[in-house]
4 protein chains.
Amino acid sequence: MPIGPTTTDVRTQRKNDRRRSIVEAAARLFAEHGFADCDMECVAGDLGIAKGTLYLYFPGKVELFRACVDWGMAEMQRVVFEAAQGELPPFRRLARSIRAYLEFFDQNPQYVELLIQERAMFRDRKRGTYFEYREGIRADFRSIYGQLVADGTLRNDLPLDRLLDAVGAMLYGTMLVNNAMGRAISSDEQYDAVMNTVFGGLVTTAGQEKLRETLKPV
Amino acid sequence: MPIGPTTTDVRTQRKNDRRRSIVEAAARLFAEHGFADCDMECVAGDLGIAKGTLYLYFPGKVELFRACVDWGMAEMQRVVFEAAQGELPPFRRLARSIRAYLEFFDQNPQYVELLIQERAMFRDRKRGTYFEYREGIRADFRSIYGQLVADGTLRNDLPLDRLLDAVGAMLYGTMLVNNAMGRAISSDEQYDAVMNTVFGGLVTTAGQEKLRETLKPV
Amino acid sequence: MPIGPTTTDVRTQRKNDRRRSIVEAAARLFAEHGFADCDMECVAGDLGIAKGTLYLYFPGKVELFRACVDWGMAEMQRVVFEAAQGELPPFRRLARSIRAYLEFFDQNPQYVELLIQERAMFRDRKRGTYFEYREGIRADFRSIYGQLVADGTLRNDLPLDRLLDAVGAMLYGTMLVNNAMGRAISSDEQYDAVMNTVFGGLVTTAGQEKLRETLKPV
Amino acid sequence: MPIGPTTTDVRTQRKNDRRRSIVEAAARLFAEHGFADCDMECVAGDLGIAKGTLYLYFPGKVELFRACVDWGMAEMQRVVFEAAQGELPPFRRLARSIRAYLEFFDQNPQYVELLIQERAMFRDRKRGTYFEYREGIRADFRSIYGQLVADGTLRNDLPLDRLLDAVGAMLYGTMLVNNAMGRAISSDEQYDAVMNTVFGGLVTTAGQEKLRETLKPV
DNA sequence: CATGAATGAGTTTTCATTCAT
DNA sequence: TATGAATGAAAACTCATTCAT
């Protein structure tokens with residue numbers, strides 16, 4: 001009996017591909033028109049399929065929307081994590097992640113839009129998808145921050161959580177403001193501003209010596 | 001003909017009072033239920049008036065909503081400006097404004113909600129009300145920042161606009177994150193975090209000496 | 001201060017009149033097309049009003065339908081009760097009620113239809129409206145039957161409940177069969193049949209001798 | 001060419017078996033959820049086959065439903081007929097049939113449900129399946145009733161049709177009422193009640209004297 | 001000015017039926 | 001034969017807005 005993909009495998013695969021392509025189209029359209037003003041007809045039309053078909057892949061409009069946000073945030077998380085991999089000094093890994101974060105939202109502005117839509121629409125969900133993924137990222141980066149405090153690169157007079165908060169708020173704010181202003185500022189410039197200000201402030205004087213290279217503009 | 005308030009004046013006054021009270025109720029309700037889930041009936045009901053009456057004061061739902069956001073942002077601007085008044089050193093005035101900003105949104109979370117609603121709903125409007133008022137504030141504070149750069153308190157190796165951007169992004173991010181996390185952190189702590197990080201980074205070493213008092217926790 | 005109808009009274013009155021006329025039209029249409037095949041548009045159209053207006057008077061299609069059945073059964077109950085009033089011997093009152101029941105459904109076949117619709121549609125409701133009203137009628141007639149048993153008119157070898165059941169089943173069956181056959185038999189004839197059989201018995205006195213064994217309880 | 005079941009016969013046989021098993025499942029499910037709330041998916045799922053397969057055996061949902069009702073009524077007719085067979089006195093055969101009828105619906109309440117569903121759904125069909133089969137039964141029993149009138153067991157002052165109507169209505173009503181009340185009364189008791197009332201009459205001999213006027217035709 | 005009844009366009013969702021594989 | 005993915009028509013319900021009183 002030959003080993004190979006079973007019918008079920010193929011079907012599952014096909015179904016996943018389809019879900020994926022629906023999510024991609026929907027993410028774009030939800031971002032373009034807003035959740036309320038993008039009806040299922042519109043998504044189906046864009047994909048060239050019938051309205052009813054969408055319901056074979058997602059239970060309803062809300063779930064489709066959630067899948068879009070989730071997909072985007074998973075992407076973002078992946079990109080940020082990947083940037084932190086490799087045999088590099090901790091601050092370097094941190095910096096690369098920050099850059100990755102800003103670039104991700106700069107290149108995928110539709111996900112900024114979806115975050116806002118989600119926040120506006122579902123005020124009941126405790127925090128929204130962004131903040132769920134943020135928790136994951138935060139947990140993973142905590143150790144890096146810990147190392148940097150331990151080796152004297154970062155200030156040790158602030159609780160680790162405040163430190164993480166500060167960087168998180170700065171990045172969130174930067175991402176949103178930039179998006180609102182029509183991406184007038186390149187992600188390079190954004191990166192410089194964040195590094196110069198937040199880390200200019202968080203890094204010790206001694207640390208600044210050590211990081212001269214890393215902190216300077218790209 | 002007697003001098004005094006004319007009938008017209010009285011009418012205008014009364015109309016404005018009415019508009020004002022409608023805006024207050026609507027702001028609360030839009031924030032509570034969201035723009036889409038707060039219907040005109042709901043606003044009218046809360047005020048104890050008929051639905052049709054709302055249309056005597058506002059052309060439509062959207063305009064009423066905009067009036068709410070506008071009202072809130074004007075309040076915010078006023079509060080921030082007021083904090084900057086008085087015979088105080090420039091950095092002091094800056095710090096007081098920042099504190100006022102954070103406190104305003106902490107005490108009026110409904111306006112955070114409205115900002116998010118507006119952003120989500122009206123993606124066509126170039127930037128939204130927050131960013132229009134932000135421009136006004138920014139213009140007014142530019143001179144303060146200029147003074148602080150000139151007198152060596154703030155770093156002069158960054159363009160003034162980047163400096164303003166950095167503070168703005170940090171504040172916007174802090175306000176939103178705090179709101180999303182359920183205001184788990186007091187505005188005092190938020191203030192400290194912002195001052196310690198952003199200004200810890202922006203202030204020169206020399207400047208830090210001078211500002212020792214101002215920068216330290218409240 | 002003059003005594004007279006207040007604005008509220010007038011409004012309530014008007015609202016009730018409207019509800020009433022909607023129920024009348026809806027009862028007719030639900031009966032004609034069936035619950036499933038009679039959409040709200042159809043009811044509204046028949047009344048010359050907009051679909052949305054229906055929702056000002058009834059929360060939804062189901063409630064409108066229920067109001068129709070309820071209205072009809074209340075009418076039926078009223079008619080049956082009224083027939084039992086007056087200074088007449090008990091059996092006479094009973095007979096008049098039975099006649100009234102059969103005539104009511106003969107003249108208002110739409111209510112037969114609605115009863116069937118309800119039964120088919122809402123299998124979850126314990127019994128349906130007919131059987132709720134039936135309970136009321138039954139309770140009221142129990143005393144008449146009691147008198148007739150006591151004075152020796154009716155057999156006393158059957159529990160009162162079985163007696164009531166028997167008459168009830170006969171009437172229900174007669175009403176439904178007659179309706180299903182297209183009202184081929186006049187309510188006069190139906191009445192005769194019921195009285196002659198249920199009360200008179202089909203078996204002759206002589207026959208009863210012969211059937212003693214067969215007729216007696218199993 | 002060999003004599004024996006041809007390929008075609010085998011196929012036909014298999015097809016019929018399949019139809020049969022589909023009808024059984026569908027009857028159960030239509031009765032449980034109602035025609036409208038039992039979709040083809042649900043029937044297919046219960047049988048462990050694909051939705052499309054149903055359409056190989058029945059042209060559509062309605063035809064499947066009709067087949068269910070038809071199947072049930074044919075069963076009922078068979079059971080009632082069988083009970084009337086044998087070398088027994090006519091009234092005995094009649095009584096056995098009545099008992100069989102009541103027992104059938106008591107033990108197969110799903111068919112009561114289907115009758116109601118059919119009646120509610122297809123008001124256009126002249127009478128519905130029940131009444132078609134009823135005609136058959138009626139025709140067959142007419143001769144029994146005739147004998148009983150002829151031999152003086154049953155009253156001869158009523159047209160034979162009225163007599164048949166009366167028994168039919170009583171049985172139909174009893175079956176439906178009993179079903180609606182949640183089968184609170186055993187089919188034994190139902191049987192007794194029918195026999196006692198319709199055939200025995202509720203009014204005592206003495207009572208009949210008194211009611212001569214009231215009971216006689218209007 | 002105030003009212004609130006009436007409107008009707010607009011959207012989500014369901015499901016019988018089809019048909020390519 | 002059997003499958004099950006795709007279709008698209010149909011219908012309940014909502015709510016901003018209007019307007020006669």
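Between chain C and chain D of this predicted model, 6 residue pairs are in polar contact, both residues having pLDDT 80 or more; a polar contact is a pair of N or O atoms within 3.5 Å, where, within protein, one must be able to donate a hydrogen and the other to accept it, and residues adjacent in sequence count only if both atoms are side-chain atoms. The elements that give two or more residues to the side of chain C that touches chain D are H1, helix H5 (90-107), helix H6 (109-121), helix H7 (129-150), helix H8 (160-180), helix H9 (187-199), helix H10 (205-210) and helix H11 (212-215) of chain C. Helices here are DSSP runs (H or I, at least four residues), numbered from the N terminus. H8(C) provides the largest share of this side, with 14 residues. By class, the side divides into 29 nonpolar, 16 polar and 18 charged residues, where Ala, Val, Leu, Ile, Met, Phe, Trp, Tyr, Cys and Pro count as nonpolar, Asp, Glu, Lys and Arg as charged, and the others, Gly among them, as polar.

The two chains also form 2 salt bridges, each defined as a side-chain nitrogen of Lys or Arg within 4 Å of a carboxyl oxygen of Asp or Glu. One of the residue pairs joined in this way is C:Glu189 and D:Arg162, at 3.6 Å from N to O. In total, 63 residues of chain C and 64 residues of chain D take part in the contact (heavy atoms within 4.5 Å). About 5,700 Å² is buried between chain C and chain D, and carbon and sulfur atoms give 62% of that area; buried area is the accessible area (1.4 Å probe) that two parts lose on being put together, summed over both.

Turning to the nucleic acid, 30 residues surround DNA strand E, and the closest are A:Lys61, B:Thr53, C:Arg18, C:Thr53 and C:Tyr57; a residue is near a strand if one of its heavy atoms lies within 4 Å of it. Sugar or phosphate accounts for 69% of the atoms of strand E within 4 Å of the protein, and bases for the rest. Phosphate oxygens of strand E lie 2.7 Å from a polar side-chain atom of C:Arg18, 2.4 Å from a side-chain N or O atom of C:Tyr57 and 2.9 Å from a polar backbone atom of D:Met40. The surface near strand E holds 12 nonpolar, 6 polar and 12 charged residues.

DNA strand F has 31 residues around it, of which A:Arg18, A:Thr53, A:Tyr57, C:Lys51 and D:Thr53 come nearest. Of the strand F atoms within 4 Å of the protein, 71% belong to sugar or phosphate. A polar backbone atom of A:Ala50 is 2.8 Å from a phosphate oxygen of strand F, while a base nitrogen of strand F lies 3.4 Å from a backbone N or O atom of D:Gly52. The surface near strand F comprises 12 nonpolar, 6 polar and 13 charged residues.

Chain A superposes on chain B by a rotation of 179° with 0.0 Å of shift along its axis (RMSD 0.2 Å), which is the relation of a two-fold axis. The superposition is by least squares on the C-alpha atoms of residues with pLDDT of at least 70 in both copies.

Residues are numbered from 1 along each chain as its sequence is written, and chains are lettered from A and ligands numbered from 1 in the order in which they are written. Local features need pLDDT of at least 70, side-chain atom pairs count only at pLDDT 80 or more, and totals for chains, interfaces and linings use all residues, while side-chain values use heavy atoms, with hydrogens and water left out.
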